[in-house]
Amino acid sequence: MSELAIFGGEPTVREPARTVWPVVSEADVARVADAARRGEISYDASEGMVAELEGLFETRLDRPYALATSSGTAALHSAFFGIGLAPGDEVLAPTYTYLATVMPIVACNATPVLVDAEPDTGNIDIDDAERHVTSRTRAMVVTHLSGHPVDMERALRFARRHGLKVVEDCSQAHGAATSGAEVGTRGDVAAFSLQGRKLVAAGEGGMLVTSDTTVYERAVMLGHFAARSETEVSTPDLVPFAKLGYGLNYRMHPLGAALAIGQMERLDQHLEWRAGNFRAYDEILRDTPGLAPAPRQDHVSRHGGYSYQPLYDPAEWGGLPRSVFIDALRAEGVPATVPTSLPLHREPFFSRAETGITTYPVDPDRRLYRAGDLPRSEEYVRSAWRLPAYPQPLSTRMLTGMAEAFRKIAAGAERLRRHTRAAAA
């Protein structure tokens, strides 16, 4: 076995695969250019690129309402506003997620109640959610993290038992499916991000989908005042306020929608390519002592392919720190990474009484969290690592190089351990 690259040997992956995302076709460029040339650079709710993109989501998810927004965060804010949260209401939310899943709850003057993570996927732990339910709990939000969908059948059974609304954050899981149902189709309302790293990319943008007329009309009122809200709002209690709406501008840019249309049309192809790459990763990790493929729960019909996220157990590698394992992989040319975000309960907003926010009143009775309060999420962050999804199928040469990198590191683990101990001495 040749010398490890971290000690001066030759890397096994010498021609990194293309990682630029999104894949922009000539047809995408033409669609954006055509829209710009005909002056479609401002929003029109009734026709054009935004309406076409909304139609694609409605058709794919078989939902009557889709509302394009300026970002995934705006879509989530619209979803929480749409379900009618009021001051004092509590919303169960995953502690291990992006901040945009949770902070719009605060913007609705409601209180996020953080729930621990599943130890294998990082998704919200429905079993742990049980202990957080109170008389004030009104809703639950789930994030389909890294493309691995939450078990929605379990989540919905839990929610029905407690009379809760369910918001799905599908930002990292376009096209993923659980028990045969695509994400975004089972909750009361769902939000998608169309930010530039997502599988359906508009650069910036979001999409809300729902089958609930009241949720949809309230979302329209929040961020699509005047032309759209006056035209589409018919609920009697809302009609008098439809023209002014509630004052926010969450409209999506038509040129972003034009770009996303092509991404939406190619979503299944991109999911197929990423699934092939993930299967190749599975085989490589199965063949490497001390490693296992990324977890895939039995209910998953299709993974969303956002990122490939296995777990690292130092004990399986004789105590070799995860950081050294990742450094050795990267030296070989394998672009492995580790999570950089803390669980939200470790952030100052959730651990300090004073938040610095004066615009929105913060519940004085909200729980303040400490390290160790939601331990599985903290362990997940310590053990998870990532391999990139890649936008296109990996070549045989690339996969062969990656497999060789893992074999080299496994064979050289003892030297890595000695080097680590010596550096620490």
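Here a student and a tutor talk through the pockets, cavities, a helix, a sheet and some single residues of a predicted model.

Tutor: Ground rules before we start: this is a predicted model, so local features need pLDDT of at least 70 and side-chain atom pairs count only at pLDDT 80 or more, while totals for chains, interfaces and linings use all residues. Residues are numbered from 1 along each chain as its sequence is written, and side-chain values use heavy atoms, with hydrogens and water left out.

Student: Okay, Q263. Why is Q263 called buried or exposed?

Tutor: Buried means under 20% relative accessible area, exposed means over 50%, and partly exposed is in between (1.4 Å probe, protein chains only). Q263 has 0% relative accessibility, so Q263 counts as buried.

Student: What is Q263 in contact with?

Tutor: Contact means heavy atoms within 4.5 Å. Leaving aside neighbours within four places in sequence, the contacts of Q263 are W21, P22, V23, D28, L199, V200, A201 and H270.

Student: Which helix is the place of Q263?

Tutor: Q263 is in α9, residues 254-265. Helices here are DSSP runs of H or I with at least four residues, strands are runs of E with at least two, and both are numbered from the N terminus.

Student: How do you know what span to expect for α9?

Tutor: The expected span of a helix is 1.5 Å times one less than its number of residues. For α9, with twelve residues, that gives 16 Å, and the first C-alpha to the last covers 17 Å, close to the expected value.

Student: What makes α9 "mostly covered"?

Tutor: Ten of its twelve residues are buried. Among them are P254, G256, L259, I261 and M264. The cover over the buried residues of α9 includes α1 (26-37), α2 (49-61) and α10 (267-286).

Student: Now the empty space. What makes something a cavity and not a pocket?

Tutor: On a 1 Å grid over the protein atoms alone, a cavity is a set of points where a 1.4 Å probe fits but cannot get out, whereas a pocket is an open set with protein on both sides within 12 Å along at least five of seven lines; lining residues have an atom within 4 Å of a point. Grid points are joined across faces, edges and corners, and a volume is the space filled by probe spheres set on the points.

Student: How many cavities of 30 Å³ or more turn up?

Tutor: Two, from a search of the whole structure. The largest cavity has a volume of about 80 Å³, and the second largest has about 50 Å³.

Student: Which elements give two or more residues to the lining of the largest cavity?

Tutor: β3 (111-115) and α12 do. The lining includes T111, P112, F349 and F350.

Student: How do the residues of that lining divide?

Tutor: Ala, Val, Leu, Ile, Met, Phe, Trp, Tyr, Cys and Pro count as nonpolar, Asp, Glu, Lys and Arg as charged, and the others, Gly among them, as polar. For the largest cavity that comes to seven nonpolar, one polar and three charged.

Student: And which helix gives the most to the lining of the second largest cavity?

Tutor: α2, with three residues. The lining there includes F57, R60, L61 and M264, and divides into seven nonpolar, two polar and two charged residues.

Student: What about the largest pocket: how much space lies in it?

Tutor: About 1,200 Å³. It has 46 lining residues, with Q172, R197, K198, Y306 and R386 nearest the centre. α3 (72-82) gives the largest share of the lining, three residues. The lining divides into 22 nonpolar, 17 polar and seven charged.

Student: What makes β7 and β10 edge strands?

Tutor: Two strands pair if DSSP finds at least two bridges between them. The open sheet of three strands runs β7-β6-β10, with antiparallel pairing, and β7 (181-182) and β10 (300-302) each pair on one side only. β6 (residues 177-178) and β7 have two bridges, and A177 stands opposite E182 in β7.

Student: Last one: why is Y390 called buried or exposed?

Tutor: Y390 has a relative accessible area of 5%, so Y390 is buried. Y390 is in the loop between α13 (375-383) and α14. Y390 and A17 are 373 residues apart in sequence and 7.6 Å apart in space, C-alpha to C-alpha, and A17 is one of the contacts of Y390.
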